[in-house]
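Me: I am new to this structure and would like to learn how to read its features one at a time. Please begin with a single residue and then widen the view.

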Amino acid sequence: MLFIGIETNPDKTYTVAQMDENRNILYLSSFWREGLLWFLDHKNINIIAVNLPSWYKTNQQKNALEVINTLLDIFEFNEAGEEKEKVVIKTDTDLFFSQLVKKDLLPITTPEGLEQRIYNLPKAGIIVQPEMFSKERKQIQRELGAIASAFAAYSYYHGTYDIVEREEDKLYIPKYSFVPKEKRIISRLY
C-alpha cells in the first residue's frame, strides 16, 4: 500500500513524498506538471493527499485544485468518502504540525520552524532518512509539506483523522499519536 503527498510550489513545480505502510518515506522529489502526471500514471497509488494551507498564494491554490481535478477526471480517483482505494483528499499540513509541536508552531519559512517540524516527525512514527532532505531551505519547506501530506493519506486509510471544514473544502487532518522509539518500524528503503 502506497500513500502519496503532494505540495504545490510557487514556481509551478510539485514536490511529492511517497510513504509505505510502516510510515517510512520511500521517495521524495520535485516535478514539473508533466513529470508529476507521468509519475502518478506509473505508480500503483491508493491514496493521494494534496496540501491546501490557508497561506497559499492564488496560483498555488489554483495549481493544487487543477491536480485534484486531473486525478478525479483522468486518473479516475474518487473524492474522499467511504472509499479506501483510489482516493484523493485535501489536507492542511500546518494544522497537523500544530498538533505535533506542543509549543507555538513557528513559521515554516524560518530555520527554527523547519527544525521544529523535522525534529517532531519521528514522534508521529514518520521515518525519513536525513540524506533524503535537500540542502536548500526553501526545498526543505516543500518536502516537509509533501511528507505531512503523505501522512495525511496514510491517516485517511487507517481512519485516524479529523475533518476540518474551511470555506467549501473538507480537509483531512491526521490525528497525532505519539509512537515510542521501540515501535517505530524502519522498512527496507529502495
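Reply: Let us begin with Gln116, which is buried at a relative accessible area of 13%. The model is a predicted one. The term buried applies here because the cut-off is under 20% relative accessible area. Gln116 belongs to helix 4.

Me: Which residues does Gln116 touch, not counting residues up to four places away in sequence?

Reply: With those neighbours set aside, Gln116 touches Val101, Asp104, Leu105 and Leu106.

Me: How many helices and strands does the chain have?

Reply: The chain has 5 helices and 8 strands. Along the sequence they follow the pattern β-β-β-α-β-α-β-β-α-α-α-β-β. The radius of gyration is 15 Å, close to the 16 Å given by the globule rule for 190 residues, so the chain is as compact as a globular protein of that length. Taken along the principal axes, the box filled by the C-alpha atoms is roughly 40 × 35 × 30 Å.

Me: What share of the 190 residues counts as buried?

Reply: Buried residues make up 51% of the 190 in the chain. The chain exposes about 9,800 Å², and carbon and sulfur atoms supply 51% of that area. As for contacts with a separation of 6 or more, 61% are between residues 24 or more positions apart.

Me: How should a helix be read, and what span should helix 5 have?

Reply: One multiplies a rise of 1.5 Å a residue along the helix; for the 22 residues of helix 5, residues 137–158, the expected span is 32 Å. The end C-alpha atoms of helix 5 are 32 Å apart, which agrees with that expectation. Of its 22 residues, 18 are buried, so described as mostly covered. Gly159 follows helix 5 and has a positive phi, near 75°.

Me: Which residues other than glycine have a positive phi in this model?

Reply: The general idea is that most residues other than glycine have a negative phi. Lys86 is one of the residues with a positive value, near 55°. Lys86 sits in the loop between strand 5 (78–79) and strand 6, and it is partly exposed at 33% relative accessibility. Glu167 is not a glycine either, and its phi is positive at about 55°. Glu167 is found in the loop between strand 7 (161–166) and strand 8, and it is exposed, with a relative accessible area of 79%.

Me: How many salt bridges does a search of the whole structure find?

Reply: The search finds 6 salt bridges. For a pair inside one helix, the general idea is that an α-helix has 3.6 residues a turn, so residues three or four places apart point the same way. Glu66 and Lys62 are such a case: both lie in helix 2 (residues 58–73), 4 residues apart, about one turn of the helix. They form a salt bridge whose closest N and O atoms are 3.7 Å apart. Glu66 is partly exposed at 29%, and Lys62 is partly exposed at 48%.

Me: Which salt bridge joins strand 8 to strand 6?

Reply: Asp169 and Lys90 form that salt bridge, with the closest N and O atoms 2.8 Å apart. This pair links distant parts of the chain, since Asp169 is in strand 8 (residues 169–174) and Lys90 is in strand 6 (residues 87–91), 79 residues apart. Asp169 is buried at 15% relative accessibility, and Lys90 is buried at 17%.

Me: Where do Arg117 and Asp94 lie, and are they buried or exposed?

Reply: Arg117 and Asp94 meet in a salt bridge at 3.7 Å, N to O. Arg117 lies in helix 4 (residues 111–120) and Asp94 in helix 3 (residues 93–100), 23 residues apart. Both are buried.

Me: How many aromatic pairs are there, and why is the pair of Tyr27 and Phe39 stacked?

Reply: The count comes to 11 aromatic pairs. The ring centres of Tyr27 and Phe39 are 5.3 Å apart and their planes lie at 15°, so the pair is stacked. Tyr27 is in strand 3 (residues 25–31) and Phe39 in helix 1 (residues 33–41). Tyr27 is partly exposed at 29%, whereas Phe39 is buried at 4%. Phe151 and Tyr154 form another stacked pair, 5.7 Å centre to centre; both are buried. These two also belong to one aromatic cluster with Phe3, Phe96, Phe97 and Tyr157.

Definitions and conventions
Residues numbered from 1 in each chain as written. Predicted model: local features only at pLDDT ≥ 70, side-chain atom pairs only at ≥ 80, totals over all residues. Heavy atoms only, no water. Helix = DSSP H or I, 4+ residues; strand = E, 2+ residues; numbered from the N terminus. Expected span 1.5 Å × (residues − 1). Buried < 20%, exposed > 50% of the residue type's maximum accessible area, 1.4 Å probe, protein only. Salt bridge = Lys/Arg side-chain N within 4 Å of Asp/Glu carboxyl O. Contact = heavy atoms within 4.5 Å. Rg over C-alpha atoms; globule rule 2.2 N^0.38 Å. Areas by Shrake-Rupley, 256 points an atom, 1.4 Å probe, with all protein chains shown as cover. Phe/Tyr/Trp six-rings, centres within 6.5 Å; stacked < 30°, edge-to-face > 60°.
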